[in-house]
Amino acid sequence: MGGNPTKPEFVTVLAEKQVEPGQDIILTCQANTEDVTVSWEKHDQKLICVEGKHKMRTIGTNCVLEISNAEDSDEGNYTVTLSNSSGSTSCSAIVRIIIKEWRKVEWKQERMLNSLKTFKICNEVQELRFLVCGPVGAGKSSTINTIRSIFEGRQFIDCLAAAGSTTSHTLRYERFEFANEEGSFPFGFNDIMGAEKDSGVLSEDIVSALKGHIKEGYMFNSQTPLSESSFYYNKNPTLSDQMHCLVFVMPADTISTQDKKFLQKMKSVIKAASSMGIPQVVFMTRVDLACPLTKKKLQNVYKSKKIKDNMQKCSYELGVPVNRIFPVLNYHEQIHMDEDINCLMLDALTKIIYWANDYVLKKSSQQQSTCE
């Protein structure tokens, strides 16, 4: 006398796979009974088998999906479902294609940190000045905190970070400089109010800051730009008052969802900076949230297809070349110093100081030519 078959359950489930292009992908799980129908899906759609590419097999209670010659299009979420008249059950796993590392990072901080400590800026200014701007919650203040933590060897929270808030915690124009037991570093980072599509810092104020017109302590007004009659307006800025590099901070996990109106606002600032010859770079933060591969191991950042795609999207949206976009991770959950976090930021810093210094040299030369 027959009875209902055993309800399907998993003895072992699918495991996440990370493979390089050209390798074979093998997904396997084990059922508690052979009396099941096995079906496979990718991204919640029935998997269409291609001859010579996919092979589905059931060996006893083992269910196997083989995908040969892995390529970018094979990346995704795969689900296997076991079913019979007594019920069904499913499990899923992510398959990630690890691309060849396309940008090298030195994962030892000592040499890069020493190069910053010994860097000699041109004699025209006492420090190179960087203006940090970006959307609310992107990590502007956290970026400055992270840089100071690296320079001084312990974590700092001098800038009050918004931590994903929709309201900017930076209301005043502030400058941050760094020092350690050996003395000061000749770099200054200026923090401004976060930008939003219809509020936040005005593009006119960002441009005024670039030109050196805004004095430290100015309270930003999201409705009215700084007036020339204000006490905080510097009418005759010198090269030392001006910004020497514009650093956009953009969140890697929300590049695709940034509001078009906000992006136009940022593009107007980039256009102004370009007209002044000021170099522009992007620090693409929150790479751990944008890609699980990078979250698992930060050194995978330039092996991640997702990060590379987001850098290209960021380049397209803002008009900043990819070679001036740097994925970084700020200190936000960690309570101890992390050399991988430091190295990724130092890799960016050791590039942008040269571009800022080149700008100062060029600007100084132009001013001298004008005076002659």
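The expected span of a helix is 1.5 Å times one less than its number of residues. The legends below describe close-up views of a predicted model.

**View 1. Helix H4 from end to end.**
Helix H4 covers residues 260-276. For its 17 residues, a rise of 1.5 Å a residue gives an expected span of 24 Å, and the end C-alpha atoms are 25 Å apart, which agrees. Before the helix proper, a side-chain oxygen of Asp259 reaches to within 2.8 Å of the backbone nitrogen of Lys261, at the start of H4. After the helix comes Gly277, with a positive phi near 80°. Which residues of H4 are buried? They are Phe262, Leu263, Lys265, Met266, Val269, Ile270, Ala272, Ala273 and Met276. An α-helix has 3.6 residues a turn, so residues three or four places apart point the same way.

**View 2. The Ig-like span of the UniProt record.**
An unreviewed UniProt entry lists residues 8-96 as "domain: Ig-like". In the model this span is 58% strand and 0% helix. The C-alpha atoms at the two ends of residues 8-96 lie 28 Å apart.

**View 3. The open sheet of five strands.**
The strand order in this open sheet is E2-E9-E8-E4-E5, and the pairing is mixed. At the edges are strand E2 (17-19) and E5, each of which pairs on one side only. Strands of a sheet pair through backbone hydrogen bonds, either parallel or antiparallel. E4 and E8 run antiparallel and are joined by six bridges. One residue pair to look for is Lys42 with Tyr78, its bridge partner in E8.

**View 4. Asn84 and its surroundings.**
Asn84 is found in strand E8. Is Asn84 buried or exposed? Its relative accessibility is 17%, so Asn84 counts as buried, the cut-off being under 20%. The side chain of Asn84 reaches two backbone atoms: the oxygen of Thr6 at 2.9 Å, and the nitrogen of Ser86 at 2.8 Å. Apart from neighbours within four places in sequence, the residues in contact with Asn84 are Pro5, Thr6, Lys7, Pro8, Asp35 and Val36.

**View 5. Asp44, a residue with positive phi.**
Asp44 sits in the loop between strand E4 (37-42) and strand E5 (45-46). The phi of Asp44 is positive, about 65°, although the residue is not a glycine. Asp44 has a relative accessible area of 59% and is therefore exposed.

**View 6. Asn69, in another loop.**
The loop shown here lies between strand E7 (62-67) and strand E8 (76-84), and Asn69 is found in it. What is the sign of phi in Asn69? The value is positive, near 50°, in a residue other than glycine. With a relative accessibility of 48%, Asn69 counts as partly exposed.

**View 7. The salt bridge of Lys104 and Glu101.**
The structure holds 15 salt bridges, and one of them joins Lys104 to Glu101. The closest N and O atoms of this pair are 3.1 Å apart. Lys104 is exposed, with a relative accessible area of 63%, whereas Glu101 is partly exposed at 23%.

**View 8. A salt bridge within helix H8.**
Asp347 and Lys351 both belong to helix H8 (residues 339-371). Because the two residues are four residues apart in the helix, about one helical turn separates Asp347 from Lys351. Their side chains meet in a salt bridge, with 2.9 Å from N to O. Asp347 has a relative accessible area of 6% and is buried. Lys351, at 33% relative accessibility, counts as partly exposed.

**View 9. A salt-bridge network.**
Elsewhere in the model, Glu127, Arg129, Arg175 and Glu177 are joined into one network by salt bridges that share partners. Within this group, Glu127 forms a salt bridge with Arg129, and the closest N and O atoms of the pair are 3.9 Å apart. Both Glu127 and Arg129 are buried.

Terms used: Residues are numbered from 1 along each chain as its sequence is written. This is a predicted model: local features need pLDDT of at least 70, side-chain atom pairs count only at pLDDT 80 or more; totals for chains, interfaces and linings use all residues. Side-chain values use heavy atoms; hydrogens and water are left out. Buried means under 20% relative accessible area, exposed over 50%, partly exposed in between (1.4 Å probe, protein chains only). A salt bridge is a side-chain nitrogen of Lys or Arg within 4 Å of a carboxyl oxygen of Asp or Glu. A polar contact is a pair of N or O atoms within 3.5 Å; within protein, one must be able to donate a hydrogen and the other to accept it, and residues adjacent in sequence count only if both atoms are side-chain atoms. Contact means heavy atoms within 4.5 Å. UniProt positions are given in the numbering used here, feature names are shortened, and annotations may be inferred rather than shown by experiment. Two strands pair if DSSP finds at least two bridges between them.
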